[in-house]
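Reader: Please take a close look at the aromatic rings in this model. I would like the pairs, their surroundings and the charges that sit over rings.

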Amino acid sequence: KIEIISAENQTSKGTRTEINRKSSKKIVAGQLRVALYGDELAKKDGIGNTMQAISRDSDISGSVYMAVVEGEAKTLLNYNYEKISDIGQHIFKLLQQNIEEEQIISSTLHEVSHDYYSIGEDIAMPIISREEELISISGVALFKKGKMVGELPAEDSFYIKLSRDRYDSGTFEALIKKEDLEEGFMKNPPEEISVVLDTIKSKSDLKLINQSTPEFDLNIIMEARLLELNEEIDLGNPKNVALLEKAISKSLSREISRVITYCQEVNSDVFGLGNQYRSSVRNSNLTEEKWHEMYQKAKVNVQIDIQITRSGTAD
């Protein structure tokens, strides 16, 4: 039987004390698996104080997942689910399997704390939403310091992870637009071509090339298997494979640039450009305020080199 207990207090430890007064079993912090924040709290007050309290508690593991809830976290947990017996375990496993399968960015307490305390790097974490009994990861929350300032669709998590991290075995569906294709590649090219890539392996390299602008080069090397393609293309021809690789590179570069532009608009440096700037410029004396002023004017040149290692099915 699952029992949900709630309490209010000025501090997290005070809240835990209040909860223990309502429970016949002792509530211990060491069993914490997920920390959820309502989006109103994340936007208005921020998560800084409660996150610091959690991170300082030696009983709590750094592997605890952190996420933002669309609406109130209490409403999500208190809903009367008929098909979900343990809502806590359900949310934990939802985050765990999507992070392990590299479908969304990882947001453990250790990673979020690192980004929070780093000058020149901001927090990004999954957004969880509920529609009746269906709980899903619906987006990515973007933070400036400890406050949520914007959000992206869940699929854009791929571009953030591809740019600032590395893939070991991920899967992604890319959309190639007509303008990405070389002339003569197809007789009657459609407006969009869907390409599913899996067993993705990648590594990224971010370099500061102009400290006054500032300007960066983001180079990404990527290998992937072509699992599915919704157009008839002769992949037995090496020339077609090379043209397809070029089209995918154009598509991914454009989408990463779009995500970077949006993050600059909301002033959230989830790509860690400021961290790279600080490590590249001696005696920069970079502060959080100074960097966020520079960040919105920064220029990022995205270059992707993709190699299709082998092809799968074509529908």
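**Aromatic rings in the chain**

Author: The chain holds ten helices and nine strands. The model is a predicted one. Some overall values set the scene. The chain has 315 residues, and 46% of them are buried. Its C-alpha trace spans about 75 × 55 × 25 Å along the principal axes. Take the contacts between residues at least 6 apart in sequence: 69% of these join residues at least 24 apart. The accessible surface is about 16900 Å². Carbon and sulfur atoms account for 44% of that surface.

Now the rings. A pair of aromatic rings is described by two values, the distance of the centres and the angle of the planes. Rings count as paired if their centres lie within 6.5 Å. By this rule there are nine aromatic pairs. One of them is formed by Phe158 and Phe172. Its centres are 3.8 Å apart, and 5 degrees separate the planes. Planes under 30 degrees apart count as stacked, so this pair is stacked. The pair links distant parts of the chain. Phe158 belongs to helix α7, which covers residues 157-164. Phe172 belongs to strand β6, residues 170-177. The two are 14 residues apart. Both Phe158 and Phe172 are buried.

The stacked pair has company. Ring pairs join Phe158, Tyr159, Tyr167 and Phe172 into a cluster. Tyr167 from this cluster also meets a charge: the charged end of Lys161 sits over the Tyr167 ring, 5.2 Å from its centre.

A charge over a ring is found at Tyr116 as well. Here the charged end of Lys145 sits over the ring, 4.5 Å from the centre. Tyr116 also leads to a further residue, Gln52. Leaving aside neighbours within four places in sequence, Gln52 is in contact with Tyr116 and Tyr117. Gln52 lies in helix α3, residues 48-56. Its relative accessibility is 15%. Buried means under 20%, so Gln52 counts as buried.

Last, the charges of the whole chain. Lys145 and Lys161 each place a charged end over a ring. In total, the chain has 39 positive and 52 negative side chains. The centres of the two sets lie 6 Å apart.

How values were computed
Residues are numbered from 1 along each chain as its sequence is written. This is a predicted model: local features need pLDDT of at least 70, side-chain atom pairs count only at pLDDT 80 or more; totals for chains, interfaces and linings use all residues. Side-chain values use heavy atoms; hydrogens and water are left out. Rings of Phe, Tyr and Trp (its six-membered ring) pair if their centres lie within 6.5 Å; planes under 30 degrees apart count as stacked, over 60 as edge-to-face and the rest as tilted. Helices (H or I, at least four residues) and strands (E, at least two) are DSSP runs, numbered from the N terminus. Buried means under 20% relative accessible area, exposed over 50%, partly exposed in between (1.4 Å probe, protein chains only). A charge sits over a ring if NZ of Lys or CZ of Arg is within 6 Å of the ring centre and within 35 degrees of the ring normal. Contact means heavy atoms within 4.5 Å. Accessible areas come from the Shrake-Rupley method with a 1.4 Å probe; for residues, only the protein chains shown count as cover. Lys and Arg count as positive and Asp and Glu as negative; His and the chain ends are not counted. The place of a charge is taken as NZ of Lys, CZ of Arg, CG of Asp or CD of Glu.
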